[in-house]
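Here's a quick look at how this chain packs together. Have the structure open as you read.

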Amino acid sequence: MPVVSRPVAVGFIRLNSTVPRAKKVRTPEEQAKKAALERQDDLQRDWDARKLKYEELIPKTENPTANTYLIDVREPDEVIQGMIPSAVNLPLSVLANSLHLNPEAFKAKHGFDKPKKDQEIIFYCRSGKRSATASDVAKRNGFTNIFNYEGSWLEWTEKQNKSS
């Protein structure tokens, strides 16, 4: 019978220094850069947009205001099926690039004014998945007052057909 040798684990001990480290003094430029990176991290953190229910959306479609944008992020060939009243179309496929346009170029491309960073924006799509992505894209681009109509077009048409 052959002899089988097994490897032997050799342990080691890590000793930590008891001498406290001196804190590095940062220049104002380094402090500003660190603060900017922390703000960027906050924008990059996973999050969920506030969700809007059908009942909350109804008044916004019946009495639209210039302070609120209802944005349909479906592609133009899907929008042919119809849109929620007072909505504008800004496909998810062009959303990120469009949010970087200056206001004049945005209006020329899409036919409506570019939303302001603090303006209320409600995204919807067919089923609520792309609108969640659109909410995330808007947040990462500095927009702060974002809602996702999670029921989106499918819920809207179902509930509108029941009430007719």
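At roughly what angle do the axes of helix 4 and helix 6 cross? This is a predicted model, and in it the two axes cross at roughly 10° and come within 10 Å. Angles under 35 degrees count as roughly parallel, so helix 4 runs roughly parallel to helix 6.

Who makes that contact? Here are the two sides:

| Helix | Residues in the contact |
|---|---|
| Helix 4 | Leu92, Leu95, Ala96 and Leu99 |
| Helix 6 | Arg130, Thr133, Ala134, Val137 and Ala138 |

Sorted by type, that's seven nonpolar residues, one polar and one charged.

Now for the cores. The largest nonpolar core has 18 residues, and the ones touching the most other members are Ile71, Leu95 and Phe123. At least two residues apiece come from strand 2 (68–72), helix 4 (92–99), strand 4 (120–124) and helix 6 (129–140). Helix 6 chips in the most, with three.

Phe123 is worth clicking on. Leaving out residues up to four places away in sequence, Phe123 touches Ile71, Val73, Leu95, Ser131, Ala134, Ser135, Ala138, Ile146, Phe147, Asn148 and Tyr149. Apart from the largest core sits another one, with 13 residues, including Leu57, Leu70, Ile122 and Tyr149.

Last stop, helix 5, which covers residues 103–110. At its start, a side-chain oxygen of Asn102 gets to within 3.1 Å of the backbone nitrogen of Glu104. Just after helix 5, Gly111 has a positive phi of about 85°.

Key: Residues numbered from 1 in each chain as written. Predicted model: local features only at pLDDT ≥ 70, side-chain atom pairs only at ≥ 80, totals over all residues. Heavy atoms only, no water. Polar contact = N/O pair within 3.5 Å; in protein donor to acceptor, adjacent residues only side chain to side chain. Helix = DSSP H or I, 4+ residues; strand = E, 2+ residues; numbered from the N terminus. Core = buried A, V, L, I, M, F, W, Y, C linked by side-chain atoms within 4.5 Å. Buried < 20%, exposed > 50% of the residue type's maximum accessible area, 1.4 Å probe, protein only. Contact = heavy atoms within 4.5 Å. Axes fitted to C-alpha atoms, helices over the stretch in contact; angles between N-to-C directions. Parallel < 35°, antiparallel > 145°, perpendicular 65-115°, else oblique. Nonpolar A, V, L, I, M, F, W, Y, C, P; charged D, E, K, R; others polar.
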